[in-house]
Amino acid sequence: MRSNGIAIRAIREAQNMSLPALARRAGIDRGYLSRLERGQIERPAEAKVQAIAAALTVPTAAITHEGADVPATEAKRKAPPTAETGGASSTALDELVHYKPEEVAANGWLPYTALTLRKKARAREIPHSRSGGRITFRLQHIREIAAMGETRPLSETKSA
């Protein structure tokens with residue numbers, strides 16, 4: 001089970017919870033939790049992930065990369081989770097999850113490679129987050145970037 005440190009931090013901050021408070025609630029060392037949030041620990045013990053999820057009162061899937069290891073052929077057909085598409089994980093918490101450029105590119109959510117996403121983000125051409133000093137994208141960012149690339153039919157454009 002791979003943890004998603006960025007999601008853990010985002011959910012914790014959305015709940016206005018400090019790192020020491022979460023560490024106390026989950027019964028985990030504060031330094032360990034900090035390293036987990038920064039991505040220095042990718043595969044923590046399942047019991048620790050469950051304790052963190054319980055302390056945050058979210059499902060375990062909200063703070064892990066479950067389902068992220070999708071083969072490339074299936075990934076291209078996968079759409080980002082939204083309230084419209086339904087599904088077990090389409091909640092307000094999905095809006096807090098941060099995706100790495102590699103995850104966005106692998107899932108085919110945007111017509112860019114991970115490298116192009118990073119370059120555009122560094123040039124501030126597309127919306128993104130810099131959580132923990134890393135370039136990440138929330139679903140809101142992915143929708144905004146997709147809308148930037150849309151071309152509208154001539155019938156919908158204003159005539160000059």
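This section describes helix α2 and its surroundings in a predicted model.

Helix α2 spans residues 19-26. At its N-terminal end, serine 18 acts as a cap, a side-chain oxygen being placed 3.1 Å from the backbone nitrogen of alanine 21. Beyond the other end, glycine 27 follows just after α2 and adopts a positive phi of about 70°. Within the helix, the buried residues are Leu19, Ala21, Leu22, Ala23 and Ala26. The elements covering these buried residues include α1, α3 (30-37) and α4.

The packing of α2 against helix α4 (residues 46-56) was examined in detail. The two helices meet at an angle of about 115°, and their axes are 8 Å apart. Angles of 65 to 115 degrees count as roughly perpendicular, and α2 and α4 are therefore roughly perpendicular to each other. The crossing of α2 past α4 is right-handed. On the α2 side, Leu22, Arg25 and Ala26 make the contact, while α4 contributes Ala51, Ile52, Ala55 and Leu56. The residues of this contact comprise six nonpolar and one charged, with no polar residue.

Arginine 12 belongs to helix α1 (residues 5-14). With a relative accessible area of 9%, arginine 12 falls under the 20% limit and is therefore buried. Neighbours within four places in sequence being left aside, the contacts of arginine 12 are Met17, Ser18, Leu19, Leu22, Glu37 and Leu56. Among these partners, Ser18 is the residue that caps α2, Leu19 and Leu22 are buried residues of α2, and Leu22 and Leu56 also take part in the contact of α2 with α4.

Key: Residues are numbered from 1 along each chain as its sequence is written. This is a predicted model: local features need pLDDT of at least 70, side-chain atom pairs count only at pLDDT 80 or more; totals for chains, interfaces and linings use all residues. Side-chain values use heavy atoms; hydrogens and water are left out. Axes are lines fitted to C-alpha atoms, for helices over the stretch in contact, and angles run from 0 to 180 degrees between N-to-C directions. Helices (H or I, at least four residues) and strands (E, at least two) are DSSP runs, numbered from the N terminus. Angles under 35 degrees count as roughly parallel, over 145 as roughly antiparallel, 65 to 115 as roughly perpendicular and the rest as oblique. A crossing is left-handed if the near helix is turned anticlockwise from the far one by less than a right angle, and right-handed if clockwise. Contact means heavy atoms within 4.5 Å. Ala, Val, Leu, Ile, Met, Phe, Trp, Tyr, Cys and Pro count as nonpolar, Asp, Glu, Lys and Arg as charged, and the others, Gly among them, as polar. Buried means under 20% relative accessible area, exposed over 50%, partly exposed in between (1.4 Å probe, protein chains only). A polar contact is a pair of N or O atoms within 3.5 Å; within protein, one must be able to donate a hydrogen and the other to accept it, and residues adjacent in sequence count only if both atoms are side-chain atoms.
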